[in-house]
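Hello, and thanks for sharing this one. Below are my notes as numbered points, meant to be read with the model open beside them.

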Amino acid sequence: MADQPDESTRPRVSGDQAIPVIEEELTVGIREVETGRVRIRTVTHETERVIDQALASLDVDVERIPIGREIQVAPEVRDDGETMVIPVVEERLVVEKRLFLREEIHVRRRRTETRFQQTVTLRSQDVVVERDDDAASERSD
């Protein structure tokens, strides 16, 4: 067998003689080693830009129109083109109770549009990573 030593290399023991036994031990560990340094910073850029945007607004005119007419049923709110008509009713005590349309409120919508310009500052950032060569040269000395 190839795993077993032959008779010529096997130590011989005679009497009370001790045979030293040798054992090797291995310890494995981890340690941090600095291989270099980097510097990270942000750079902010500002640019001036003119914005041109249409701004819309909605104005209303309220007009009260007296009616004073007796009605049987309360009218519904209605749209008449750009005008919303809101009926206002009241009950009047006569000898009998009757429903009168006292007035209507007409609300007209007008859409206006104006141009709006303003100079604004816009910012953006870039990240810069730089290798610190001084730390690498100190480590190698």
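**Notes on the fold and its side-chain pairs**

1. The protein chain has one helix and four strands, and along the sequence these follow the pattern β-β-β-β-α. Helices (H or I, at least four residues) and strands (E, at least two) are DSSP runs, numbered from the N terminus. This is a predicted model, in which local features need pLDDT of at least 70 and side-chain atom pairs count only at pLDDT 80 or more, while totals for chains, interfaces and linings use all residues. Residues are numbered from 1 along each chain as its sequence is written, and side-chain values use heavy atoms, with hydrogens and water left out.

2. Let us start with strand pairing, for which DSSP must find at least two bridges between two strands. Strand β1 (residues 37-71) runs antiparallel to β4, and 33 bridges join them. Within this pairing, E70 has F100 of β4 as its bridge partner.

3. Strand β4 (residues 97-132) also runs antiparallel to β3, with eleven bridges between them. The two form a hairpin that has three residues between the strands. R92 is matched with R98 of β4 as its bridge partner.

4. Strand β2 (residues 78-80) pairs with β3 in the antiparallel sense, over three bridges. Here D80 stands opposite T83 of β3. The β2 and β3 hairpin has two residues between its strands, and G81 takes a positive phi near 70° there.

5. Please have a look at T83, which belongs to strand β3 (residues 83-93). Is T83 buried or exposed? With a relative accessible area of 10%, T83 is buried; the cut-offs are under 20% for buried, over 50% for exposed and in between for partly exposed (1.4 Å probe, protein chains only). Leaving aside residues up to four places away in sequence, T83 touches R78, H106, V107 and R108, where a contact means heavy atoms within 4.5 Å.

6. Some totals for the chain may help here. Of the 141 residues in the protein chain, 11% are buried. The chain exposes about 13000 Å², with carbon and sulfur atoms supplying 48% of it; accessible areas come from the Shrake-Rupley method with a 1.4 Å probe, and for residues only the protein chains shown count as cover. Among contacts between residues at least 6 apart in sequence, 75% join residues at least 24 apart.

7. How many salt bridges does a search of the whole structure find? The search finds 15, a salt bridge being a side-chain nitrogen of Lys or Arg within 4 Å of a carboxyl oxygen of Asp or Glu. Side chains of opposite charge can pair when their charged atoms come close.

8. One salt bridge joins the side chains of R78 and E104, at 3.3 Å from N to O. This pair links distant parts of the chain, with R78 in strand β2 and E104 in strand β4, 26 residues apart. R78 counts as partly exposed at 38% relative accessibility, whereas E104 is buried, with a relative accessible area of 10%.

9. R92 forms a salt bridge with E90, and their closest N and O atoms are 2.8 Å apart. Both residues are worth viewing for accessibility: R92 counts as partly exposed at 32%, and E90 counts as partly exposed at 23%.

10. R102 and E103 meet through their side chains in a further salt bridge (3.5 Å, N to O). Salt bridges that share partners join R64, E90, R92, R102 and E103 into one network. Within it, R102 counts as partly exposed at 36% relative accessibility, but E103 is buried, with a relative accessible area of 10%.

11. A last word on rings. R92 lies over the face of F100, at 4.5 Å from the ring centre; a charge sits over a ring if NZ of Lys or CZ of Arg is within 6 Å of the ring centre and within 35 degrees of the ring normal. The count of aromatic pairs comes to zero, where rings of Phe, Tyr and Trp (its six-membered ring) pair if their centres lie within 6.5 Å, with planes under 30 degrees apart counted as stacked, over 60 as edge-to-face and the rest as tilted.
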